[in-house]
Amino acid sequence: MTTAVPGNGKVLVIGSITCDLTSFSDRLPQRGETVLGNAFTMVLGGKGANQALAAARAGSHVSLVGCVGDDAFSELVLGTLAEEKIDTQHVLKTEGPTGIAHIRVDASAENDIVMIPLANSRLSPGHIRRSLGSIAHPAGVALIQLEIPHESALEAARQCKARGITVILDPAPAPAEALDADFWPHVDIVTPNETEARLITGIAVTDRESAIAAGRWFTDRGVQRAVVTLAAAGAVVVERTSADSTAVTMQEPFSVTAVDTTAAGDAFAGVLGSALAEGLDWDQSLRRAMAGGALAVTVAGASPSLPQRHAIDIFLQRQAVTR
Ligand code: ADP
C-alpha cells in the first residue's frame, strides 16, 4: 500500500454530485399554490462537488470519487467539473438519473431544498475501495460528507485513515439517526455547524460553553480536532492534546456583509483541506478556511460563491492591514 505524502497539494473528495435546479420567485408558494417565478438556473451542486470546487479554486489538485447517472444532467455536471480541472476518473457513471437538488429561493434569499440522491445512493464501499486502491499517489487530505450512504462515508474514512491521509469529515446534512460509533477514530478533523453538532451529540449549541462541550463529545470519541462552526460568530476548536486532555480556542469571525449564506460550510471545508494539503500549519489553514467561509457569504448562490485563491489572499492581506 502506498502512503500519503503530507503537503503534496493533493485533495481527495469522496461525496455527492448533483445538478441543482433552482427557481427564483418573489415569494415561496403556499402548500398547493402555484406562483409565477422570475428566473431559473441549472448548475453543478452537491456537497462533494462543492467542496471539490472550493479546494480546486483554493489551488489544490483535486480528485473526486462519486457517482452520476447517464442522463443529460450527468453531462452538465461532468462538464463543469472538467472546466474546474477536477479529476473525475473515479466518478462512476451508472444507469439512471443523476442526483438532483430542487431549490426554491424567494426575494429575501429564504430557500427550501429537496435533495434527491438518485445516483449518489449507488456510491458503494466497493467503488471507494477500488478507487483508493488504484490511486498511485494518494492525496494528503480527504474531504468526506454525508450526502452519500453512511456505510460508504465510513468506508471512505477507514480507507483514507489506513493510508495516512488526513480525514476531514463535514457531518452534513445533519444525520437523522445516530452515526456509527466506528466513524470517530477514523476522523482527524470534524467540522459540524451548530445544528449538526446538536443532532449528533445531543448537546444544544447555544453559546461558547455548549460549543466546547459539543466539540469535546467528538474528541472523547477519537477525533483529533473538532471545529464547531458558528456562522457569523466564527468557530470553536477543541483539540485532543493527549488521551485525557484537550485544548480549546475560540476563533473570532471576519467581518463581512452577508448576502447569501449558502455553501459557507463547503467553502470552509474545501479551503481547510486545500491549505492543509499544501503543508500550511493548523493556524494558517484555519485562518484561510474562515476567510473562505466569510467570502462565500458575500456572493449569491452555492458554487458561484466559492472563492478563488487570489480572492482569499487579497482578503487576508487587507485584514492584516486593517487589524
Ligand atoms: P454551514 O454553512 O455548514 O452552516 P457556517 O455557516 O457555520 O457553516 O459557516 C462556516 C464558517 O464560515 C464559519 O465558521 C465562519 O468562519 C464563516 N462564516 C459563515 N458565515 C459568516 C458570516 N456571516 N460572517 C463571517 N464569517 C462567516
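# Chatting through the strands and sites

Mentor: Let's start inside this predicted model: β8 pairs with strand β9 (residues 166–169) in the parallel sense, over four bridges.

Trainee: Okay, and which residue in β9 is the bridge partner of Val 141?

Mentor: That's Thr 166.

Trainee: What about β1, how does it pair with β8?

Mentor: In the parallel sense again, with four bridges between β1 and β8. Val 11 is the residue standing opposite Val 141 there.

Trainee: Which way do the side chains of strand β8 point, and are they buried or exposed?

Mentor: Strand β8 covers residues 141–144; Val 141 and Leu 143 point one way, Ala 142 and Ile 144 point the other way, and all are buried. As background, side chains in a regular strand alternate between the two faces of the sheet.

Trainee: So how many strands form the open sheet with β8 in it, and in what order?

Mentor: Nine, in the order β5-β4-β1-β8-β9-β10-β11-β12-β13, and the pairing is mixed. The edge strands are β5 (91–93) and β13 (245–251), each of which pairs on one side only.

Trainee: Which helix packs on that sheet, touching β4 and β5?

Mentor: Helix α2, residues 72–83, whose direction makes about 175 degrees with that of β4.

Trainee: And how many bridges join β4 to β1?

Mentor: Five, between strand β1 (residues 10–14) and strand β4 (residues 61–68), which run parallel. One pair to look up is Val 13 with its bridge partner Leu 64 in β4.

Trainee: Switching sheets: what's the order in the open one with four strands?

Mentor: The order is β3-β2-β6-β7, with mixed pairing. β3 (39–45) and β7 stand at the edges with a single partner strand each, so one side of each has no neighbour in the sheet. From one strand to the next, the twist averages 15 degrees.

Trainee: How do β2 and β6 pair up?

Mentor: Strand β2 (residues 18–24) and strand β6 (residues 99–105) pair in the parallel sense over seven bridges. Take Thr 22: its bridge partner in β6 is Ile 103.

Trainee: Which helix lies across β2, β3 and β6?

Mentor: α2, running at about 65 degrees to β3. You've met that helix already, since α2 also touches β4 and β5.

Trainee: New topic. Which residues does UniProt list for "binding site"?

Mentor: The unreviewed UniProt entry lists Asn 193, Gly 265 and Asp 266. They span 74 residues in sequence, yet no two of their C-alpha atoms are more than 11.1 Å apart, so they gather at one spot.

Trainee: Where is Asn 193 found?

Mentor: Look in the loop between β10 (189–190) and α5 (194–201). Asn 193 is partly exposed, at 27% relative accessible area, and its side chain reaches the backbone nitrogen of Thr 195 at 3.1 Å.

Trainee: And Asp 266, is it buried or exposed?

Mentor: Asp 266 counts as buried because its relative accessibility is 4%, and the cut-off for buried is under 20%. You'll find Asp 266 in helix α7 (residues 264–278).

Trainee: Which residues does Asp 266 touch?

Mentor: Leaving out residues up to four places away in sequence, Asp 266 touches Lys 47, Asn 50, Gln 51, Ala 54, Asp 170 and Leu 306.

Trainee: How many disulfides does a search of the whole structure find?

Mentor: Zero.

Trainee: Why is there no bond between Cys 19 and Cys 67?

Mentor: The closest cysteine sulfur to that of Cys 19 is in Cys 67, and it's 16 Å away, which is too far for a bond. A disulfide needs sulfur atoms within 2.5 Å. Cys 19 counts as buried at 0% relative accessibility, and Cys 67 is buried with a relative accessible area of 0%.

Trainee: Last one: where does Arg 122 sit?

Mentor: Its place is in the loop between β7 (111–116) and α3 (125–134). Arg 122 is partly exposed, with a relative accessible area of 45%.

Trainee: What does Arg 122 touch?

Mentor: Cys 67, Thr 94 and Glu 95, not counting residues up to four places away in sequence. With Glu 95, a polar atom of the Arg 122 side chain lies 3.1 Å from the backbone oxygen.

Trainee: How far apart in space are Arg 122 and Trp 217?

Mentor: They're 31 Å apart, C-alpha to C-alpha, and 95 residues apart in sequence.

Key. Residues numbered from 1 in each chain as written. Predicted model: local features only at pLDDT ≥ 70, side-chain atom pairs only at ≥ 80, totals over all residues. Heavy atoms only, no water. UniProt positions renumbered as here; feature names shortened; annotations may be inferred. Helix = DSSP H or I, 4+ residues; strand = E, 2+ residues; numbered from the N terminus. Buried < 20%, exposed > 50% of the residue type's maximum accessible area, 1.4 Å probe, protein only. Polar contact = N/O pair within 3.5 Å; in protein donor to acceptor, adjacent residues only side chain to side chain. Contact = heavy atoms within 4.5 Å. Pairing = 2+ DSSP bridges. Axes fitted to C-alpha atoms, helices over the stretch in contact; angles between N-to-C directions.
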